[in-house]
Amino acid sequence: TQMVTTGGFLLLTLITLMFALWLFSRFLFVPLGQMVQGMKQMAQGKLNLAVNTNGLREFSTLAKSFESMANQVKIRTSDLERLLDLDDSAILCFGHEGEAVYFNKGATVLFGYADDEISDLDLDELFSDDIVQLMKDAVRPGAAVQNNALHTLLECVRKDGHAFQSDAVISPLAVMGGFGYT
């Protein structure tokens, strides 16, 4: 009987331990992992996300605060985009790998692309000139650089293939851990 009691006690201890581990996983590790994933997505520019607010009270409070912060960033980004759309000139922003990050309304009209097509564009598709090389050349003495921005004439290409020239100001800018251009 002592062996049965010891075996039962060990089995009960093992079940209790497994239940405690499940509780830790369910209420601590899973919500924390979801918040970390949400923060990574937000850092990559994906502002339309919802955070699971279930879990321990502290994590629920943290998740609600994070969701509030994400909504504030989304509102500020929207406000900034509306301000940039007030400018008739074309304003384009590219990430450190040359991918299009933002076009204002003036740029969509000038280049002939719809809003949903912008995320698929690269520098090479819009300009005949090598923008990265132009910025490297801009650090040389005598270049037309003012306030860390290159003033130049660019060869541009519309969606329909029509090439045109446009005065441009190219500025390097810190974008998500790297450098991009506006």
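**Entry 1: the chain as a whole**

I began by counting elements in this predicted model, and I found five helices and seven strands in the chain. Reading along the sequence, I wrote the pattern down as α-α-β-β-α-α-α-β-β-β-β-β. I then looked up burial for the chain, and noted that buried residues make up 25% of its 182 residues. For the contacts with a separation of 6 or more, I recorded that 40% are between residues 24 or more positions apart.

**Entry 2: helices α1 and α2**

I turned next to helix α1, which covers residues 2-43 and so has 42 residues by the run assignment. From its first C-alpha to its last I noted a reach of 59 Å, which is close to the 62 Å expected at 1.5 Å a residue. Where does α1 bend? I located the bend at Ser-25, where the angle is about 40°.

I looked up the same kind of span for α2, residues 57-86, and recorded 30 residues with a reach of 44 Å from the first C-alpha to the last, close to the expected 44 Å at 1.5 Å a residue.

Which residues of α1 are buried? I listed Pro-31, Met-35, Gly-38 and Met-42, and I saw that the buried residues of α1 pack against α2. On the side of α2, I listed Phe-59, Ser-60, Ala-63, Phe-66 and Ala-70 as buried, and I noted that what covers these buried residues includes α1.

**Entry 3: the second largest pocket**

I then examined the second largest pocket, for which I recorded a volume of about 290 Å³. It is lined by 20 residues, and the closest of these to the pocket centre are Ala-90, Leu-92, Phe-127, Ala-168 and Val-169. Going through the lining by element, I found that those giving two or more residues are β1 (92-94), α3 (105-111), β4 (149-157) and β5 (163-170). Which element gives the largest share of the lining? I noted that this is β5, with six residues. Sorting the lining of the second largest pocket by class, I obtained 16 nonpolar, three polar and one charged residues.

**Entry 4: His-96 and Leu-173**

I looked up His-96 and placed this residue in the loop between β1 and β2, the latter being residues 100-103. Is His-96 buried or partly exposed? I entered it as partly exposed, because its relative accessibility is 43% and that class lies between the cut-offs of 20% and 50%.

I paired His-96 with Leu-173, as the two are 77 residues apart in sequence and 9.0 Å apart in space, C-alpha to C-alpha. Leu-173 I found in strand β6, residues 172-175, and I entered Leu-173 as partly exposed as well, because its relative accessible area is 30%.

**Entry 5: Asn-148**

My last lookup was Asn-148, which I found in the loop between β3 (145-146) and β4. I entered Asn-148 as exposed, because its relative accessibility is 55% and the class requires over 50%. Which residues does Asn-148 touch, not counting those up to four places away in sequence? I listed Ile-170, Ser-171 and Pro-172. For one of these, Pro-172, I also noted the C-alpha separation from Asn-148, which is 7.5 Å for residues that lie 24 positions apart along the chain.

Notes: Residues are numbered from 1 along each chain as its sequence is written. This is a predicted model: local features need pLDDT of at least 70, side-chain atom pairs count only at pLDDT 80 or more; totals for chains, interfaces and linings use all residues. Side-chain values use heavy atoms; hydrogens and water are left out. Helices (H or I, at least four residues) and strands (E, at least two) are DSSP runs, numbered from the N terminus. The expected span of a helix is 1.5 Å times one less than its number of residues. The bend at a residue is the angle between axes fitted to the seven residues ending there and the seven starting there. Buried means under 20% relative accessible area, exposed over 50%, partly exposed in between (1.4 Å probe, protein chains only). Contact means heavy atoms within 4.5 Å. On a 1 Å grid over the protein atoms alone, a cavity is a set of points where a 1.4 Å probe fits but cannot get out, and a pocket is an open set with protein on both sides within 12 Å along at least five of seven lines; lining residues have an atom within 4 Å of a point. Grid points are joined across faces, edges and corners, and a volume is the space filled by probe spheres set on the points. Ala, Val, Leu, Ile, Met, Phe, Trp, Tyr, Cys and Pro count as nonpolar, Asp, Glu, Lys and Arg as charged, and the others, Gly among them, as polar.
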